[in-house]
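Student: I am new to this structure and would be grateful for a close look at a single part of it, namely the salt bridges.

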Amino acid sequence: MGTPVKDVILPDNAPKELLLQKHADYIAAYGNKKDDYEYIITEYLRMNGMYWGLTAIALANQLDRMDRTEVISFVKACQTECGGMSCSIGHDPHILSTLSAVQILTLYDAVDEIDIDNLVKWVVSMQQEDGSFYGDKWGEVDTRFSFCATACLTLLGRQDAMNVDKAVEFVLSCMNFDGGFGCRPGSESHSGQIYCCVGFLAITGHLHNVDADRLGWWLCERQLPSGGLNGRPEKLPDVCYSWWVLASMAIIGRLHWIDKEKLRRFILACQDEETGGFADRPGDMVDPFHTLFGLAGLSLLGDKSVLPVNPVYCMPEDVIRKLSLNNYEVDER
């Protein structure tokens, strides 16, 4: 007998409709619980968490429920002397929190509120001779950082400040025989890294280097009998991969290779009917991270109650369209 596939079974009583208002209420209330243990211990994720929550509620078309002045004030206070953005006030800058900050300000059309020149200077200083990017001054290299740096500069209209050719060269060196990408040359393919690399290549106009059929096959193999998607072989499905996998397939024009209805059922089963929000799998605890990617996944699947999401930047499509940053065509079959 073969080894059983790692998967979950969807409960018969799992939600089958999108509880959009409950999700918007969950996100709107999340930031008000500043004395909660969960809120306090996640300070190292604060900027990223704000991006997840604000983008989720924006996709629900209810961004006006959030305090714009308070949000912008916090983001401004997180810009460090060297120009990069920190995860929270008093922390060191990191490329991940820098992109989240730029995305938040872009949502509010408020990027002029920060020192853009200094921020661009810091991001560019993270690029290394081989084209890769450090995440911060401690020197970790990861293709996630290549995506974050490039997306950040492009949203600010400053992509020309970096060495694009060398950055492309490094990302392509991380491509594997299966068509996927890892975090560094020789690292195994992973759905999250694939999204970052495919998104990076779409932003820089080098998507033609991807073998769309080979990569599309690897990505569609991530769908399990439950309908959910995993990040790599032999792993459990997780709602967040409804984003990483689907967005990659949308960018390379292979979205129609997924069983959309089965995936939709899996995503909806991960909702909490009482509190609102999405969990990684049915019955687990909800959080803003999975709530954003659950809604974004449903948007890519064509759910009209959620605003259209841009598959490269994971922001409302109308925000990106205003910036004229679509360098690819999405196959929506």
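Tutor: Asp303 is a suitable place to begin, as this residue counts as buried at 11% relative accessibility (buried is under 20% relative accessible area, exposed over 50%, and partly exposed in between, with a 1.4 Å probe and protein chains only). The model is predicted, so local features need pLDDT of at least 70 and side-chain atom pairs count only at pLDDT 80 or more, while totals for chains, interfaces and linings use all residues. Residues are numbered from 1 along each chain as its sequence is written, and side-chain values use heavy atoms, with hydrogens and water left out.

The side chain of Asp303 meets that of Arg264 in a salt bridge, at 2.8 Å from N to O; the term denotes a side-chain nitrogen of Lys or Arg within 4 Å of a carboxyl oxygen of Asp or Glu. Arg264 belongs to helix α12 (residues 260-269) and Asp303 to the loop between α13 (288-300) and α14 (317-323), so the pair ties together parts 39 residues apart in sequence. Helices are DSSP runs of H or I with at least four residues, strands are runs of E with at least two, and both are numbered from the N terminus. Arg264 is partly exposed, with a relative accessible area of 22%.

By this rule the count comes to 10 salt bridges. Another of them joins Asp117 and Arg158, at 3.0 Å from N to O. Asp117 lies in helix α6 (residues 116-125) and Arg158 in the loop between α7 (143-155) and α8 (164-172), so this pair ties together parts 41 residues apart in sequence. Asp117 is exposed at 53%, whereas Arg158 is partly exposed at 26%.
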